[in-house]
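Student: I'd like a close look at the charged side-chain pairs in this one, especially the lysine that seems to sit in the middle of things. Could you walk me through it?

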Amino acid sequence: MTALLYTAGVLFFVVAILVSIGLHELGHLVPARAFGAKVTQYFVGFGPTVWSKQVGETEWGVKAIPLGGYVKIVGMLPPGAGDLAEPQGYDEHGNPAYKVRKSNTGLFAQLVSDARAAEWELVRPEDHDRLFYKLAWWKKVVVMGGGPMVNIAIAFLIFLGVFATYGNPGDVRPVGTTVEEVSACVLPYDEADRACTASDPEAPAAEAGLRPGDVITSFNGEAVSDWDQLQGLIRGNSDGAAVLTWDRDGRQMSGETSTTVQARPGTGEDVDPERLTEVGFLGVSPQAERTTGGPLYTLGEMGTMAVQTAEALVTLPVRVYGVGQAILGLEERDPDSPVSVVGGGRIAGETASTDLIPGLDRFVFLLLLVAGFNFFIGALNLVPLLPLDGGHIAGALYEAGRRGTARLRRRPDPGYADVAKMLPVAYVVASALLVMGVVLIIGDLVVPLSVVPG
């Protein structure tokens, strides 16, 4: 692999992800400021500050660890009933300063109380009408949903551009019965990537004399016009005799062979690499074309991705545990296991530098890799658990439901939803995400996945 191209691929991926993070945070900042909330910080990255600049009331900057970002909106947590904000002296301008009384009634209560106190140390008297928790519930939803929706919008635009021009690499269809590839030998399904050896039997298609570009016109005397029909005849032939005719550059040709029985996955919607069935095997692959489509097609594909992503999120802890097992050498790493941004950068570098993939295909793969990461980041942040954006959205929707119910029942306004009560859950979720992130990073360094054979 060329070192320069590898580095270029990594840099392309890293810059794209950093830009995506920056746009995600702008998705929070822009509506927050539009609704009058006070935003004091906008940072890309975590850890020590590399660069920052104060512009108005907001500090803009970059931190050393490029694994995320944040926007600080004042007043995310309301004062609780037992932790009311009270005057606490005066500031340098002579205005009364406020502080939240701390509670000491248990570990979780102390954590919540300390978080409220830290939040209110940033609140100045003139900020009391600009606190986030005082926004209307729908404004909170817009502010907190703005970040993940920006990531999903980025993914949509990239997918749309690729699908409308290059086509969808994950949605290909055969072009009639034209042969794209003829297998030289018969290999077990789980060894399909290796080269043929002298001990491997010749593939029936090669024995019959088929070549790439041939158009198969009949199988055992039955005329064929599409690949599904041909595939069905081959798979149902078991190890029987096979007489084929084909068109090669306008010349009609024929050949005889016998199909062999191989364990293969199903076809169409029944494709499952884990479930193999003994079927007839000829050893030909169809010439295929990628499906192209516009906005509606792209939305449909992203709907399917959303279902797959939801399933992946549900099983994420188990799959990360599998990566941990691979790190310890207890099992092989699953090729479908999740990767961190470190693994994503490695895959981008390998893709950019390999000569096994045409240049345009490499560029498209890099674009789809960035789109996939954006889609996953957006979906992850919509999970309704703090500290994720979806946790704040869930709190705002709960507030809307509770206040709406109170109005319908002619009861007093129950007030703002107190998301601070969910902080113990937030600490658990944040710890779990941190641990899983570290495991994936170590896994991508110790037992990395590769998209390039060999």
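How many salt bridges does the count come to, and what is going on around Lys38?

Tutor: Before we dig in, this is a predicted model: local features need pLDDT of at least 70, side-chain atom pairs count only at pLDDT 80 or more, and totals for chains, interfaces and linings use all residues. Residues are numbered from 1 along each chain as its sequence is written, and side-chain values use heavy atoms, with hydrogens and water left out.

Now, the count: eleven salt bridges, where a salt bridge is a side-chain nitrogen of Lys or Arg within 4 Å of a carboxyl oxygen of Asp or Glu. Your lysine is in one of them, since Lys38 and Asp127 pair up through their side chains with an N to O distance of 3.2 Å. Lys38 lies in the loop between helix H1 (3-34) and strand S1 (39-55), while Asp127 is in the loop between helix H2 (107-120) and helix H3 (137-165), so this pair ties together parts that are 89 residues apart in sequence. For the element names, helices (H or I, at least four residues) and strands (E, at least two) are DSSP runs, numbered from the N terminus.

Both partners are buried, and Lys38 has a relative accessible area of 13%. Buried here means under 20% relative accessible area, exposed over 50%, and partly exposed in between (1.4 Å probe, protein chains only). Setting aside neighbours within four places in sequence, Lys38 is in contact (heavy atoms within 4.5 Å) with Glu57, Lys72, Ile73, Val74, Arg124, Asp127 and Arg130.

Two names in that contact list, Glu57 and Arg130, have a salt bridge of their own, 2.7 Å from N to O. Glu57 sits in the loop between S1 and strand S2 (58-73) and Arg130 in the loop between H2 and H3, so here the pair ties together parts that are 73 residues apart in sequence. Glu57 counts as partly exposed at 30% relative accessibility, and Arg130 does too, at 27%.

Elsewhere, Asp200 and Arg194 make a salt bridge at 3.0 Å, N to O. Asp200 is buried at 15%, whereas Arg194 is partly exposed at 32%. There's also a network: Lys140, Glu399, Arg403 and Asp413 are joined into one by salt bridges that share partners.

Then there's the disulfide (a pair of cysteine sulfur atoms within 2.5 Å). The structure holds one, formed by Cys185 and Cys196 with their sulfurs 1.9 Å apart. With -90° about the S-S bond, the link is left-handed. Cys185 and Cys196 are each placed in the loop between strand S5 (168-182) and helix H4 (204-208), eleven residues apart. Cys185 is buried at 7%, while Cys196 is partly exposed at 39%.

For contrast in chemistry, take a nonpolar patch on the surface, with Phe46, Ile65 and Val342 among its members and about 830 Å² of accessible area together. Patch residues have over 30% relative accessible area and no salt bridge, with nonpolar side chains (Val, Leu, Ile, Met, Phe, Trp, Tyr) joined within 5 Å and like charges within 9 Å; the areas are Shrake-Rupley with a 1.4 Å probe, and for residues only the protein chains shown count as cover. Helix H11 (423-446) gives the largest share, five residues.
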